[in-house]
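This report introduces a structure to a reader who has not met it before. It turns in order to a nucleic acid surface, aromatic side chains and backbone geometry.

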There are 2 protein chains.
Amino acid sequence: MIPTKDKILNTAEELFADHGFAETSLRMITAKANVNLASVNYHFGSKKTLIQAVFERFMQRFTLDLGIEMDKIEKQKNFKVDDVLGGLVGPITNLDQLRPDGSAVFMNLLGRAYAETQGHIRRFAMEHYADVLKRFTQLLHATSPKLLPDEMFWRLHFMLGSFIFTLAGHQALQEISESDFDQKVSIEQIVKRLVPFMAAAFSYDSTLSAVTNP
Amino acid sequence: MIPTKDKILNTAEELFADHGFAETSLRMITAKANVNLASVNYHFGSKKTLIQAVFERFMQRFTLDLGIEMDKIEKQKNFKVDDVLGGLVGPITNLDQLRPDGSAVFMNLLGRAYAETQGHIRRFAMEHYADVLKRFTQLLHATSPKLLPDEMFWRLHFMLGSFIFTLAGHQALQEISESDFDQKVSIEQIVKRLVPFMAAAFSYDSTLSAVTNP
DNA sequence: GCATAATTCAAACAGATGTTTTAAACATAC
DNA sequence: GTATGTTTAAAACATCTGTTTGAATTATGC
C-alpha cells in the first residue's frame, strides 16, 4: 500500500506537469489520488509547499547526478564546451529511471516554474541549484577563459533559455517532428542535438565579428 | 477622456505582464482601471477574449514591422544569418513607441503565453504569426541551404527558446547585470548580444563535429 | 426635445478555491 | 487492553472567481 503522502506527490506531479500549478486544484489531486482533501494540508501544510515538495524529489536526484558528472569532467585535463554541456545529458535522462517519463515531467515543471508569478518556485529552485550552477559556470568558463564575466553571464542565460524552453515544450515539438519528418525523437535525442548547437554558440569569438563566410 | 475599453486593455496588459493571466482577476483589473467590473464582459465578452485582445494590439504592430524588415532583407543579394536575426531588433524595440516599456511588456506576455495551460493563447498567436514565421524561416534557410529540414526545424526552436526565455525574464537578468557588472542594459542591447550568439550557433556545420580548436 | 441606442452601475449569481475544524479510525507502545 | 499519538474522514468555512441581471445613466440621431 502506497502511503498517502506519496500518492499525493505522484498525482500532484502528474497534474502539475499537465495543467500547471494554478490550474490544478487540490480537489483534482485528491480525487485522482483517492485520498481525502484535507490530507494535503495535513501532510504538506499548504499547496505552495506541496509544489515545492514535488520539485524537491526531482532536484535531489538531478543535482546529485549533475555533481557526479561535474567531478568526472573536472578530472579530464582538456575538456571542451561540448563536454561540459554534454554532462547534462545523463542527469536529465536519468530522471526517467526515477519515475516513468520523469525527464519529461520535470522539464514541464521547470518550464512552468519559470513562468510562475511570484517566482517563489524560481527562488526555491535557485537556492538548491546555486552550488551546482556555480560549478557548472566555472567549468564552462574554464573552457573559454578569454570570455569576460558579463559575456559569460549572458551566454549562460541564453543557453539556459534554449534548454528549458525546448525541453519544457518538448511534447509539441516531438509531435511536429513526427508528423513532418516521420522522426520519433526522445528527450535524450533532443538534448544531444541541442548540446553541439549551444556549444557552437558558446565558443564563438565575439572579437572577430562574423565575417568568416566563403 | 480615455474610453473604458482602452482603460481596460491598458491595465490588463500591465497586470497580465506583472502577475500572469490566471493570477490576475477581473476585479484587480477593473479596480485599478477605475471601471465597473461588468464592463469587461460587456466590451470583451469574456476574460479569455480580453487576453487575446491584449495580445492583438502588440502582434499587429510587431508582425507589420517584421514584414517590412523581411522585405528589406529579401532585397539584399547576399544576406547572412546575422542579417535575418538582426531583423528582429527593430520590430521588438519599436514596441516601445507603441507604449512605454512596450517591448518589455510584450516579451513578458509572450513568455507567459507559452507556459499557458491549454495553450489557447499559443494557438491564437500562432495563427497570427504563421505567415511571418514562415517568411522568417525561409529567409533563414536561404542563408544555410545545406541544412536539412529537420535540423532547420530544431535549430529554429532552439533559438526561439533563447529569445523568448531571455526576453521574458529580462527584468531579473537586467537587475543581476546591474548589481554584478554595473551595467544597465536595455532590451535592445540584450537582443543585439543575443543575435550574433544565436547566429554563430545557427551557422555551425554539424557535418564537421566540433574538433576545430587550436 | 424626444426616442433610441449604448454604456455604466450595483448587486447578485453560481461555482470553485485553499484551508480549518471536529470527530472517527487506525496504529503503536506499554 | 488501554492509553497515546498519528492518520483519515466528512463537513463547513470564508473567500474569491468569472459572469449575468436589470435598472440607472449617458450619448446619439432626428
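In this predicted model, three helices each supply at least two residues of the surface near DNA strand C: α2 (26-33) and α3 (38-44) of chain A, and α3 (38-44) of chain B. The largest share, three residues, comes from α3(B). By residue type, the surface near DNA strand C divides into five nonpolar, seven polar and three charged residues.

There are 15 residues around DNA strand C, and those that come nearest are A:Leu26, A:Arg27, A:Lys47, B:Thr4 and B:His43. Of the strand's atoms within 4 Å of the protein, 47% belong to sugar or phosphate, and the rest belong to bases. The table lists side chains with a polar atom placed by a phosphate oxygen of DNA strand C.

| Residue with polar side-chain atom | Distance to a phosphate oxygen of DNA strand C |
|---|---|
| A:Ser25 | 3.4 Å |
| A:Asn41 | 3.1 Å |
| B:His43 | 2.8 Å |

Aromatic side chains form a further theme. Over all chains, the count comes to 17 aromatic pairs. One of them joins A:Trp154 and A:Phe158, whose ring centres are 6.1 Å apart; their planes meet at 35°, so the pair is tilted, given that stacked pairs lie under 30 degrees and edge-to-face pairs over 60. Both residues belong to helix α9 (residues 149-168) of chain A, where they are four residues apart and therefore separated by about one helical turn. A:Trp154 and A:Phe158 are both buried.

Elsewhere in chain A, one aromatic cluster is formed by A:Phe16, A:Phe21, A:Phe55, A:Phe58, A:Phe62 and A:Phe106. A ring can also lie beneath a charge: the charged end of A:Lys5 sits over the ring of A:Phe44, 5.8 Å from the ring centre. In chain B, the charged end of B:Lys5 sits over the ring of B:Phe44, with a distance of 5.8 Å to its centre.

The backbone also deserves attention. Most residues other than glycine have a negative phi. A:Asp101, which is not a glycine, has a positive phi near 65°. This residue lies in the loop between α6 (89-98) and α7 (102-115) of chain A. Its relative accessible area is 54%, so A:Asp101 counts as exposed, the cut-off being over 50%.

Chain B offers another case: B:Asp182 has a positive phi of about 55° and is not a glycine. The loop between α11 (170-181) and α12 (187-202) of chain B holds B:Asp182. With a relative accessible area of 71%, B:Asp182 is exposed.

Terms used. Residues numbered from 1 in each chain as written. Chains lettered and ligands numbered in written order. Predicted model: local features only at pLDDT ≥ 70, side-chain atom pairs only at ≥ 80, totals over all residues. Heavy atoms only, no water. Buried < 20%, exposed > 50% of the residue type's maximum accessible area, 1.4 Å probe, protein only. Near = heavy atom within 4 Å. Polar contact = N/O pair within 3.5 Å; in protein donor to acceptor, adjacent residues only side chain to side chain. Nonpolar A, V, L, I, M, F, W, Y, C, P; charged D, E, K, R; others polar. Phe/Tyr/Trp six-rings, centres within 6.5 Å; stacked < 30°, edge-to-face > 60°. Lys NZ or Arg CZ within 6 Å of the ring centre and 35° of its normal.
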